[in-house]
Amino acid sequence: MKSSTPLDPIHLLQHYVGEEWPALSRARTKAIDTSERLENTLKGSYSSDVSIVVFGSLARKEWTSKSDVDWTLLIDGQADPQHLEIAQDVAVRLKEGKFLEPGTTGIFGNMTFSHDLVQKIGGKEDTNENTTRRVLLLQESVAFGKPDAHDRVIRLLLSRYLKDDRGLRFGTLRYKVPRVLLNDIVRYWRTITVDFVEKQRGQAGKGWGLRNAKLRMSRKLIFATGMLSCFSCELLCDSRARNELVKRNSTVAMEEHLRTFIRQTPLEILATFLVELKIKPKTVLKLFSAYDSFLRLMNDTRKRDHLKNLHHDDIPGDPVFNEVRGYSQDFQDGLTALFFYDNKRLHDLTIFYGVF
């Protein structure tokens, strides 16, 4: 994982508005330190057909006091009984290293096969779990140990999304936005919002408050920056990629642009757009100050546990949830200003691709 540098997008954004966000800075520093510890924990001679891939707060550089390690053993190769042994070894090492285990949803803490991710995009065999893993692999993942499998699968996914997008390659629209990829990111967001209600029923309200806070903030951030990643193909990529699409119907340069762009964390992607498009400082402050408040709460054990134990029937008048509601509304207001009001080109893309 990359360390912070004075020229990274978030530092540039801080200079742009003259503001610092201490909880965010603390979470990024802790993520870098934790990543180094995790790298040492997972040292081994694993083969190049597997990568240990981590998602969640560590991959987003948002590490707080009770963050867990959401991981999977990504397999890009022939079936091998040893893969299960490797996954079991990873689980043991993480437990011995005193890293918190991932949740019980079944999405993390196991094996993921590249065939399902690449070949089952859409259709009845593309389960909610498969869609979630695929989108998160693109939007918030980092490989530990050998990155070969992780790098290959991301290349294959972007190639599949863009090459199959005939509107992108052969269409006459003046915009060059990968609509198939964008639609999958939208589908992921709609899926997790519906699943949130299912979990509310299935788990009798247990853990509702914490899940709701994450849905309002970190999950929404992934969706928003997923859209921005797609819009970057129109707004932020170099002319070579566009010319290859227009003149030769080739997506190779655009795939390269996206591979580079999504190496950033979601907050870095957001910061890049805010700086490059010269978004109003008022909008910047709403977005990043709200997210700083969210990370401060996530790092507050008492408040985090309170939300985790909060039943949805107890929400009215609850001070901690009212705090979440306040800064999540600021975050939403900032996103609304960013996508609809502060930049004409981004507004037009949002209407054209995000609404209709």
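Helices here are DSSP runs of at least four residues, numbered from the N terminus. With that in hand, a first stop in this predicted model is Asp33, which sits in helix H2. Is Asp33 buried, exposed or partly exposed? Its relative accessibility comes to 45%, so Asp33 counts as partly exposed. Along the chain, Asp33 and Trp63 are 30 residues apart, yet their C-alpha atoms lie 9.6 Å from each other in space.

Next comes the sheet. Strands in a sheet are held together by backbone hydrogen bonds, and they can run parallel or antiparallel. In this model, 4 strands make an open sheet with mixed pairing, and their order is E3-E2-E1-E4. E3 and E4 (142-144) take the edge positions with a single partner strand each, so one side of each has no neighbour in the sheet. On average, neighbouring strands of this sheet are turned by 40° against each other, ignoring direction. Looking at one pair in detail, E1 and E2 are antiparallel and share 5 bridges. Within that pair, Val50 stands opposite Ile75 of E2. Helix H4 packs on the sheet, where it touches E1, E2 and E3, and the direction of H4 makes about 155° with that of E2.

That helix deserves a closer look. H4 covers residues 82-96, which is 15 residues, and it spans 21 Å from first to last C-alpha, close to the 21 Å expected at 1.5 Å a residue. Which residues of H4 are buried? They are His83, Ile86, Ala87, Val90 and Leu94. Viewed down the axis of H4, these buried residues fall within an arc of 100°, so they line one face of the helix. On the face turned away from that buried side are the exposed residues Glu85, Lys95 and Glu96. And what covers the buried residues of H4? The cover includes helix H2 (22-41) along with strands E1 (50-54), E2 (71-75) and E3 (110-113).

Two loop residues stand out for their backbone angles. As background, most residues other than glycine have a negative phi. Lys98, just after H4, goes the other way with a positive phi of about 65°. Lys98 belongs to the loop between H4 and E3, and with 72% relative accessibility it counts as exposed. Lys61 also has a positive phi, of about 60°, although it is not a glycine. Where is Lys61 found? Its place is the loop between helix H3 (56-59) and E2. At 2% relative accessibility, Lys61 counts as buried.

Helix H7 runs over residues 148-163. It has 16 residues and reaches 22 Å from its first C-alpha to its last, close to the 22 Å expected at 1.5 Å a residue. Its buried residues are Ala149, His150, Val153, Ile154, Leu157, Leu158, Ser159, Tyr161 and Leu162.

Further along the chain, Trp189 is part of helix H9 (residues 179-202). At 9% relative accessibility, Trp189 counts as buried. Setting aside residues up to four places away in sequence, Trp189 touches Leu215, Arg219, Lys220 and Phe223. One of these, Lys220, is 31 residues from Trp189 in sequence, but the two C-alpha atoms are 7.6 Å apart in space. Ser218 lies in helix H10 (residues 208-235), and its 1% relative accessibility puts it in the buried class. Which residues does Ser218 contact, leaving aside its neighbours within four places in sequence? They are Arg60, Glu62, Tyr291 and Phe294.

Last come the cysteines. A disulfide is a covalent bond between the sulfur atoms of two cysteines. How many disulfides does the structure hold? The count is 0. To be counted as a disulfide, two cysteine sulfur atoms must be within 2.5 Å. Why does Cys230 not form one? Its closest cysteine sulfur, in Cys233, is 6.5 Å away, which is too far for a bond. The story for Cys237 also involves Cys233, whose sulfur is the closest to that of Cys237 at 6.1 Å, again too far for a bond. As for their surroundings, Cys230 counts as buried at 0% relative accessibility, and Cys237 counts as buried at 16%.

Note on methods. Residues numbered from 1 in each chain as written. Predicted model: local features only at pLDDT ≥ 70, side-chain atom pairs only at ≥ 80, totals over all residues. Heavy atoms only, no water. Buried < 20%, exposed > 50% of the residue type's maximum accessible area, 1.4 Å probe, protein only. Helix = DSSP H or I, 4+ residues; strand = E, 2+ residues; numbered from the N terminus. Expected span 1.5 Å × (residues − 1). Arc of directions from axis to C-beta. Contact = heavy atoms within 4.5 Å. Pairing = 2+ DSSP bridges. Axes fitted to C-alpha atoms, helices over the stretch in contact; angles between N-to-C directions.
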